[in-house]
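Please open the structure in your viewer and keep the selection tool at hand. The tour goes from whole chains to single pairs of residues.

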Amino acid sequence: MVDVRYDIAFQLYPYAPVAAQTMPAQRHPVVIVGGGPIGMALALDLGRKGTQVLVLDDHDGVGQGSRAICFAKRTLEIANRLGAGQRMIDKGVVWNVGKVFHGDDRVFQFNLQPEDGHRCPAFINLQQPYFEKFLVDEIRVAQDEGAPIEIRGRNAVTALDQRDDHVLLDVDTPDGPYQIEAEWLIACDGARSPVRDMMGLNFDGRVFEDNFLIADVKMTADFPTERWFWFEPPFKDAGQSALLHKQPDDIWRIDFQLGWDIDREKELREENVRARVDAMLGEGAEYELEWTSIYTFQCRRMQEFRHDRVIFAGDSAHQVSPFGARGANSGVQDADNLAWKLDFVIRGLAPEALLDSYSEERVHGADENILNSTRATDFLTPKSEISKVFRNAVLELAQDHAFARPLVNSGRLSVPCVYDGLSLNGPDMLDGPERTRVGAPAVDAKLGQTYLLDRLPGGFTLLSIDAPAPEIDEVDGVPLTHLGLTARGNPFLKERYLGETEGAVYLIRPDQHVVSRWPEASAEDVASAMRIALGKGV
Amino acid sequence: MELNLEPNIADPDGFYDELLAVHQGLSKEDSDALNARLILILANHVGDRDVLTAALQAAQR
């Protein structure tokens, strides 16, 4: 039996029996457990690289409910690399302005207006089911082009056993159980990860004693497309904080912070949800309740994301509070980080040690996200009398004085992780801009009719800007693509990649992070940096 | 810059007087709020992160 745990928004991979169910266990190079946004992004990335990948999901489509709604620029850039980004941007609601209120008072407003010369906006709001559907649609396109990706719906992993060179999986289906051998098993099975539980691994962290009520309402309102956030909201029973934010299809996300001791069932009753929403929107507001949910959260991560042949990505590996949109966005960066490493290891082009760098880099990312979201949570929900005194002092001062506004923390929005000082970094020999330093993801820049990131499609790239390109096309069998550009007449490239220097050579990884940069580089410099980035040491 | 723990206020008695005066007649709650605002304003004026850390440590004793 395969239990149905939630309703489906889009049925995208209905159960279909396969021959393997009546055969001895078949061997697969990569099996991904969980077809959420992280699992599907990883499958698409691997499949496009030509690596065979099997996705097992215990449902037959995308779950109902908006859940993650806020997708950051870096996520959209990754989705662009995978071919799914433009539909997300077209469907999503682009927003820049946020307003912060304290009771009836407007504290201040901010504008995330991104600088020019980027293909992607700073943020879009998009219901998670659309995000997942666009990835699966792109997987179907990739399959038609020959990408070796297979999705099996209503296939639930019930047990696993790590062997020397594979993991043996017991899989249940509506037609009964069968077995699969996975050389690499990637657990993208969410915060309650059954794979993590089956392996008895710890997932400790800090529990926040608070309940948040989400009400997604459908209405045609003329509120502006802005993020409105209230500390101590003035409307009846709204709790400690409240949020109003627009999604596509005339859906508005409303969030109420209800506190710890509540009766969940009672608060979720339609009349009680409506009473709160009415108080916020004003009597007589017409809307439909699209989806409601109460959630609590923890900030925590696994000690290590790699356990021999089992690798964890997304919420199964780390969990944060929702303030800052750091959950799904960081999970997509996990997939981005893991895909190329797994691909090279499976092809024999890099040692297995490269996969340890996945854990190292993404643990670093998770710690950054946990730190930021914990701080936001402490500001939202002061844990002592004096912390509330300071919190309210900040909010009061922020109304009159600019200096206090950076202290207001209603969530620090997700920004891409920089792998400062970690093992895969080569030397940084350029006195260049800080934002494109070694370890940082390449910053987009408009190049005439195209964009720089579109020219970094997924292999190692040697980017030479007004500098001679070293003569080197591959290192230990790994190909290297050349991209030669000039910053003359392109202020974006100059400001983002050269700064005060005349020219530069950047070595960029398949996930678009900078490995090394030099004013000028020899073939030996590049080869040596490539070997570091492939996990072969210095 | 180092945290200055030597006398640095020109008119110490006058300053102390003024500090107490702004709290005159306030409830405990309002006084606490005023102190919090004052700390934040002064901290911003100092700005230097190392000096602020040293000040926090000096206040902890």
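What follows is a walk through a predicted model, one selection at a time.

**Whole chains**

Select chain A. Its secondary structure comes to twelve helices and 28 strands. The radius of gyration of chain A is 24 Å, close to the 24 Å that the globule rule gives for 538 residues, so chain A is as compact as a globular protein of that length. Turn the view along the principal axes: the C-alpha trace of chain A spans about 70 × 65 × 40 Å.

Now select chain B. Here there are three helices and zero strands, and the order from the N terminus is α-α-α. With a radius of gyration of 13 Å, well over the 10 Å that the globule rule gives for 61 residues, chain B is more spread out than a compact globule, so do not look for a ball. The C-alpha trace of chain B spans about 35 × 25 × 25 Å along its principal axes.

Show both chains together. Nine residues from chain A and six residues from chain B make up the contact. On the side of chain A that touches chain B, seven residues are nonpolar, one is polar and one is charged.

**Domains of chain A**

Colour chain A by its domain assignment. Domain 1 takes in 8–93 + 122–203 + 300–368, domain 2 is 205–299 and domain 3 is 434–533. Hide domain 2 and look at the other two: the C-alpha centres of domain 1 of chain A and domain 3 of chain A lie 29 Å apart. Where they touch, domain 1 of chain A gives ten residues and domain 3 of chain A gives nine residues. On the side of domain 1, the elements of chain A that give two or more residues are helix 2 (73–82) and helix 8 (328–346). By class, this side of domain 1 of chain A has three nonpolar, two polar and five charged residues.

**Helix 8 and helix 9**

Stay on helix 8 of chain A and add helix 9 (residues 353–380) of chain A. How far apart are the axes of helix 8 and helix 9 of chain A, and at what angle do the helices pack? The axes are 9 Å apart, and the angle is about 170°. Helix 8 of chain A and helix 9 of chain A are therefore roughly antiparallel to each other. Show the side chains between them. From helix 8 of chain A, the residues in this contact include Leu338(A), Leu342(A) and Val345(A); from helix 9 of chain A they include Leu354(A), Tyr358(A) and Ala366(A). The residues of the contact of helix 8 with helix 9 of chain A divide into eight nonpolar, six polar and four charged.

**The sheet of eight strands**

Next, find the open sheet of eight strands in chain A, ordered 8-7-15-16-17-14-18-21 with mixed pairing. Its edges are strand 8 (105–111) and strand 21 (318–319) of chain A, each of which pairs on one side only.

Begin with strand 7 (residues 97–102) and strand 15 (residues 227–231) of chain A, which run parallel and are joined by five bridges. Pick Gly98(A): its bridge partner in strand 15 of chain A is Arg227(A). Add helix 10 (residues 385–400) of chain A, which packs on the sheet and touches strand 7, strand 8 and strand 15 of chain A. The direction of helix 10 makes about 70° with that of strand 8 of chain A.

Move along to strand 14 (residues 205–218) and strand 18 (residues 288–301) of chain A. They run antiparallel, with eleven bridges between them. Lys218(A) has Glu288(A) in strand 18 of chain A as its bridge partner. Strand 18 of chain A is also joined to strand 21 of chain A, by two bridges in the antiparallel sense. At this step Arg301(A) stands opposite His318(A) in strand 21 of chain A.

**The sheet of five strands**

Last, select the open sheet of five strands in chain A, with the order 25-26-24-27-28 and mixed pairing. Strand 25 (474–475) and strand 28 (514–518) of chain A are its edge strands.

Which residues pair up between strand 24 (residues 460–465) and strand 26 (residues 478–485) of chain A? These strands are parallel over six bridges, and Phe460(A) stands opposite Leu480(A) in strand 26 of chain A.

Strand 25 of chain A pairs with strand 26 of chain A in the antiparallel sense over two bridges. Val475(A) has Val478(A) as its bridge partner in strand 26 of chain A. The two strands, 25 and 26 of chain A, form a hairpin with two residues between them. End the tour on Asp476(A) in that turn, where phi is positive, about 50°.

Note on methods
Residues are numbered from 1 along each chain as its sequence is written. Chains are lettered from A and ligands numbered from 1 in the order in which they are written. This is a predicted model: local features need pLDDT of at least 70, side-chain atom pairs count only at pLDDT 80 or more; totals for chains, interfaces and linings use all residues. Two strands pair if DSSP finds at least two bridges between them. Helices (H or I, at least four residues) and strands (E, at least two) are DSSP runs, numbered from the N terminus. Domain bounds come from an automatic or database domain assignment. Two residues are in contact if their C-beta atoms, placed from the backbone, lie within 7 Å. Ala, Val, Leu, Ile, Met, Phe, Trp, Tyr, Cys and Pro count as nonpolar, Asp, Glu, Lys and Arg as charged, and the others, Gly among them, as polar. Axes are lines fitted to C-alpha atoms, for helices over the stretch in contact, and angles run from 0 to 180 degrees between N-to-C directions. Angles under 35 degrees count as roughly parallel, over 145 as roughly antiparallel, 65 to 115 as roughly perpendicular and the rest as oblique. The radius of gyration is taken over C-alpha atoms; the globule rule is 2.2 Å times the number of residues to the power 0.38.
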